[in-house]
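Colleague: I have a few questions about this model. Please keep the answers brisk.

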Amino acid sequence: MNIHTLLTQTERQRVSDGAVLPILNGCESSMRQLVLLLPQLGDFDSLEYAWWLRRDAQRLETQGIAIRAVGIGSLSSGERFCGYTGFPSDCLFVDPTAQLHQKLDLYPGLSLKLPGLSTAINAYLNLLFMCSGIGSPGTLAEVWRGYRGDARAPQLIGDDEIIQAFPLPPLRGSAFRWAGGKGFQRPFELATLRLRNMGEVLSNWKTYVPNAAYLTQRGATFLFNTQGDLIYEHRDRAILGFAADMSNPLTFLSEMVADEDSLGQDDMH
């Protein structure tokens, strides 16, 4: 069974109304379908990915891209996630035990099992190891990029935007100019957004993580055209590795859409 067929036949609980529906319900006629398998909804990757999608929401709509996401958590997890990130609740489905992730053979993360410890405690330990780069290639480099800045990445915080990231005092976006200028990702800019996400999750841990057994499970990105052909995929191999290009995580969409449009014009000729 190919991936699109599996997704078409898979039902999960939708966050907006609690209904159990096929996850691709309502986007069959879209020009393109972007399907995200998110890790735990309280994971750095899930929150950051949602931030990028919200940032580019208008462009995605213009390109005819319908988005569906399946995240690990409960209905309450999904509601909190959508309330915080602005991700549309009618596009998010929840999978409490990561069954779909397992069916798609996604990377479960580090899975060391120390004898005498519960599944949850082992998961916490594995998560800590992954945060330090063990079984999670590239994580430390990506953390460091958040602190040192990135000339290849766009500016993330508007000059007039106020960022509240406990325990820091409220920061105006223009303050980051003192760290290096404007028009690109300045030093500490991404790290501040990640600190804000961490504060949100730790303050609502039980809601975001009702079952710690799946803390290390990684996700994936799949893009399909209107015929259901898989035209792009990315399978996460690390924490903070939800995109092939973390400087511009949605670059692949522009590239794939351009390639598809080019092929369509060639066919017309």
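Colleague: How far does helix α6 (residues 119-131) reach from its first C-alpha to its last?

Modeller: This is a predicted model, so local features need pLDDT of at least 70, side-chain atom pairs count only at pLDDT 80 or more, and totals for chains, interfaces and linings use all residues. Residues are numbered from 1 along each chain as its sequence is written, and side-chain values use heavy atoms, with hydrogens and water left out. Helices are DSSP runs of H or I, at least four residues, and strands are runs of E, at least two, numbered from the N terminus. Helix α6 has 13 residues, and its reach is close to the expected span (1.5 Å times one less than the number of residues), namely 18 Å.

Colleague: Where do the buried residues of α6 fall, seen down its axis?

Modeller: Buried means under 20% relative accessible area, exposed over 50%, partly exposed in between (1.4 Å probe, protein chains only). In α6, the buried residues are Asn 122, Ala 123, Asn 126, Leu 127 and Met 130. The arc is taken from the directions from the helix axis to the C-beta atoms. These residues line one face of the helix because they fall within an arc of 140°.

Colleague: Which residue with a positive phi follows α6?

Modeller: The phi there is near 100°. The residue is Gly 133.

Colleague: Which residues do salt bridges that share partners join into one network with Arg 145?

Modeller: A salt bridge is a side-chain nitrogen of Lys or Arg within 4 Å of a carboxyl oxygen of Asp or Glu. Arg 145 meets Glu 142 at 2.7 Å, N to O, and Asp 150 at 2.8 Å. Shared partners put Arg 145 in one network with Glu 48, Glu 142, Asp 150 and Arg 194.

Colleague: Is Asp 150 buried or exposed?

Modeller: Its partner Arg 145 has 7% relative accessibility and counts as buried. Asp 150 has 9% relative accessibility, so Asp 150 is buried.

Colleague: Which helix holds both Glu 142 and Arg 145?

Modeller: The two residues are three apart, about one turn of the helix. Both are buried. They lie in helix α7 (residues 139-148).

Colleague: What is the relative accessibility of Asp 17, which pairs with Arg 14?

Modeller: The closest N and O atoms of this salt bridge are 2.6 Å apart. Arg 14 is buried, with a relative accessible area of 18%. Asp 17 counts as partly exposed, because its relative accessibility is 47%.

Colleague: How many salt bridges does a search of the whole structure find?

Modeller: The pair Asp 17 and Arg 14 is a salt bridge. The search of the whole structure finds 14.
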